[in-house]
Amino acid sequence: MQEAFRSVHSIVLPGVYRDSVFLMKLSSRAREESGADRVTALMATARNKDLLVQSGLMTPDIEAAGSDDLVVAIDAGPELIGIAEKTVLDLLAKPSPAVRSPLERLAPKSLPMACERLEGINLAMISVAGEYAKYEAAQALSAGLDVFLYSDSISLDDELVLKRLAASKSLFLMGPDCGAAVLHHTPLGFANRMRQGTVGIVSTTATGLQEVGCLLDRCGLGISAAYGVGGRDLLDDIGGISTQTALERLASDPNTRFIIVIGTCPGRETRRKLAELYPRLGKPVLVRYFGAEDYAIEDAADIPHADTLRDVVVTTAGRIASVLDISDVDLPTPDSTGEGVPSASGWISGLFSGGALCWEAAEICRSLVPGPIYANVPARGVEVTDGCKLVDGHVFIDLGADGITMGGPHPLLYPERKLERIVRELCAPEVAVILTDVILGCAVAPDFASQLIQAIDRAAAITRGRSREKHVVVSVCGTETDLPSRSSQIDILRRSGVTVLGNNAEAARYAAMVSRGGPI
């Protein structure tokens, strides 16, 4: 695979440190200003060296560098190498702004200071390194605040302690690793701008929450609230503590008439406990559990369930339409029947910013395409990979997983690593289909569609056009009130020849049809 790339030039700066966010920005800006195909700046940790090897950007100089050294890999034609190197060094030499704005000088320096200065606050949003996050969360809970905990890398034991503390104070801990929520019609984290409605969502996965909420929005329906509870909340070790708090709040909310629960890796004891709770809420509940072998527990309690996130919305919207006598609900329908689907011989490379979408795509394709399927999510019937090593088969990678984002930002914030991976896969002769997501939201890097097109063009330049023979299949998760809007992103993609499907499940089915050469 690395033979498709030209010789890589490297820079090693011993003892120079910059944080990962700065280096992501530097890499992107240096590439844009110099015209190089790829510029990647990283600290030379063992983990980052592995990423450079997998990207075909390792050099002997970088291999010899130490973990305290800053390294830069430049993939460009000979005429651009010098320009790219000068651009990188100039950007590194620029001093950081020393003067702080009046607003920054007045900002509270600690949680107690914030509670003292800001009257009536009831929520703390925490995004710091995992080793500090548990202390900040405990401090916020002790101050009587609900907590939106974006930080990850918190031990299971510490999570249990924090959630028990929250429950003892009738408070709500969303997280850890909570990427999205909508409270009082205000989006938090990566959440989208969704219309108001009567559906409450409780989800262990941010992109599952976003996909369902955005599909409801497109149906002309909307949400009353959407709670993220952290990816491990339904494990038996935690017991669904935050999920129960969210359900109790939705049950007492007069604006909520229907409830959707989306969960990953639910423990059987937790499922039994929730199955007993659902009927007592006094409101209809629908569940989608990723990783559940069956729904016998829910069937015994007469709790409806769905197999895909699209089906969650179709079922919920149908129930709303019948109960509320709504006749103009526009249900999401499959975008492709398989007629006229192109045929391509090779593997599917599924590269996602969200775990739920990756998980769903892997499960759908598992039953539709021949050959081994690998994923870094524990989907049923797939072989587990860490997401970095090359594998011979269909592969589905959540690029926002903890093991991949460690030491760097989430791909929704800074998508450079995701784009580099897409370029790499487009250049791989054994890959036939790239399946990916475009996720919009309030804290998401803007205009990913245009960046994706640039990545496709870079791969075409590297392979002298051969990568144009591959198929890029995308679903766009967002609403018309997001900035940019969903329709504007779709227009950019389709004008450049990218196949866009209406939802993640249909995109996965379409990719499978392309890979196997026809209708399913």
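Me: How many salt bridges does the count come to here?

Reply: The count comes to 21 salt bridges. Keep in mind as we go that this is a predicted model.

Me: What makes D90 and K86 a salt bridge?

Reply: Their closest N and O atoms are 2.8 Å apart, and the cut-off is within 4 Å, so the pair qualifies. D90 and K86 sit 4 residues apart in helix α4, which separates them by about one helical turn. An α-helix has 3.6 residues a turn, so residues three or four places apart point the same way.

Me: Why is D90 called partly exposed, and K86 exposed?

Reply: D90 has 38% relative accessibility, and partly exposed runs between the 20% and 50% limits, so that label fits. K86 has a relative accessible area of 53%; exposed means over 50%, so K86 is exposed.

Me: How do you know that E363 and R380 form a salt bridge?

Reply: The closest N and O atoms of E363 and R380 are 3.6 Å apart, which is within 4 Å and therefore counts. This pair links distant parts of the chain: E363 belongs to helix α14, while R380 is in the loop between β14 and β15, 17 residues away.

Me: Is E363 buried or exposed, and why?

Reply: E363 is buried, because its relative accessible area is 8% and the limit for buried is under 20%. R380, at 28%, is partly exposed.

Me: Why is D482 said to have no salt bridge?

Reply: The nearest side chain of opposite charge, R193, is 4.3 Å away from D482. A salt bridge must be within 4 Å, so this pair does not qualify. D482 is nonetheless buried, and its place is in the loop between β18 and α18.

Me: What does the side chain of D482 reach, and what makes that a polar contact?

Reply: The side chain of D482 reaches the backbone nitrogen of R193 at 3.0 Å. The limit for a polar contact is 3.5 Å, so the distance fits. Residues that D482 touches include N192, L440 and G441.

Me: What caps the N-terminal end of α2?

Reply: T45 does, with a side-chain oxygen 3.2 Å from the backbone nitrogen of N48. That distance is within 3.5 Å, so it meets the cut-off for a polar contact. N48 is among the buried residues of helix α2, along with K49, L51, L52 and Q54. What covers the buried residues of α2 includes β2, α3, β3 and α16.

How values were computed. Residues numbered from 1 in each chain as written. Predicted model: local features only at pLDDT ≥ 70, side-chain atom pairs only at ≥ 80, totals over all residues. Heavy atoms only, no water. Buried < 20%, exposed > 50% of the residue type's maximum accessible area, 1.4 Å probe, protein only. Helix = DSSP H or I, 4+ residues; strand = E, 2+ residues; numbered from the N terminus. Contact = heavy atoms within 4.5 Å. Polar contact = N/O pair within 3.5 Å; in protein donor to acceptor, adjacent residues only side chain to side chain. Lys, Arg positive; Asp, Glu negative; His and termini not counted.
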